[in-house]
Amino acid sequence: PVHALRLHEAGVSPMWRSSVIRAEDVFAPRLAVMPLRSSCADPTESAIGELVCESLISRLAAAETLRVVSRLTTSALGRRMLSASQIGEQLQVAYVLCGSMRSNGMQLTVDLELCEARSDTVLLTHRQTLAAADLLRADDDFSAEIAAMVSAAIVSHQVRRTRVFPL
């Protein structure tokens, strides 16, 4: 662990505060990818939401810059209505990727949101409409595109954070 000290102005609060920052949290933050919620109670859409989540986890877990929580863990938690900060606290993650989907015939519209868990701040949103068959292909471009966007957004946010709050 890295021990960091941050000096504060004189006053009621302590002059210094010690915190332990683990190097892996800075260089490879934890991410939870939640199953996509369906806009209706259709079990088929719920299953597609789980499959999309699994595909995104597979793509994101390949990135060396992230540590991704398992699908079994996020699926169990995904059934509950929790905020990003609550998910972050329960799973000890820095970032949460969540979203919803709705169908219109053979088309699916997917809305995704990447949040910093600690502050419930939205870092990235993305909406895309595509054919259901395209979303379910094993080599789908959608998951690869989203994984690249999410990884880039997290790295960019981590860099900005370290500039503002240096170790």
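**Figure 1. Surroundings of L97 in the predicted model.** Leaving aside neighbours within four places in sequence, L97 is in contact with L31, A32, V33, M34, L56, L60, L112, E113, L114, I146 and V150 in this predicted model. L97 also belongs to the largest nonpolar core, which holds 26 residues, and together with L31 it touches the most other members of that core. Two or more residues of this core come from each of β3 (30-33), α2, β6 (95-104), β7 (107-116), α5 (132-135) and α6 (141-164). Apart from this core lies another one of eleven residues, among them M34, L91, V96 and C115. In soluble globular proteins, nonpolar side chains tend to be buried together.

**Figure 2. Helix α2 and its buried residues.** Helix α2 covers residues 43-61, and because each of its 19 residues is taken at 1.5 Å, the expected span is 27 Å, in agreement with the 27 Å that separates its end C-alpha atoms. The buried residues of α2 are E45, I48, G49, V52, C53, S55, L56, I57 and L60. Two of these, L56 and L60, are in contact with L97. An α-helix has 3.6 residues a turn, so residues three or four places apart point the same way.

**Figure 3. S156 on helix α6.** S156 has its place in helix α6, where it is partly exposed because its relative accessible area is 33%, a value between the limits of 20% for buried and 50% for exposed residues. The side chain of S156 is joined to that of R160 by a polar contact of 2.9 Å. L123 stands 33 residues from S156 along the chain, and the C-alpha atoms of the two residues are separated by 9.9 Å.

**Figure 4. The whole protein, with the stretch 14-19.** The protein has six helices and eight strands, and from the N terminus on these elements follow the order β-β-α-β-β-α-β-α-α-β-β-β-α-α. Of its 167 residues, 37% are buried, while the accessible surface comes to about 9800 Å², with 57% of that surface belonging to carbon and sulfur atoms. When contacts between residues at least 6 apart in sequence are considered, 55% of them join residues at least 24 apart. The mean pLDDT is 81, and 80% of the residues reach 70 or more. Over residues 14-19, however, the pLDDT is below 50, although this stretch has 18 contacts in the model beyond near neighbours in sequence.

Notes: Residues are numbered from 1 along each chain as its sequence is written. Side-chain values use heavy atoms; hydrogens and water are left out. Helices (H or I, at least four residues) and strands (E, at least two) are DSSP runs, numbered from the N terminus. The expected span of a helix is 1.5 Å times one less than its number of residues. Buried means under 20% relative accessible area, exposed over 50%, partly exposed in between (1.4 Å probe, protein chains only). Contact means heavy atoms within 4.5 Å. Accessible areas come from the Shrake-Rupley method with a 1.4 Å probe; for residues, only the protein chains shown count as cover. A nonpolar core is a set of buried Ala, Val, Leu, Ile, Met, Phe, Trp, Tyr and Cys residues joined through side-chain atoms within 4.5 Å. A polar contact is a pair of N or O atoms within 3.5 Å; within protein, one must be able to donate a hydrogen and the other to accept it, and residues adjacent in sequence count only if both atoms are side-chain atoms. pLDDT is the predictor's confidence in each residue, from 0 to 100.
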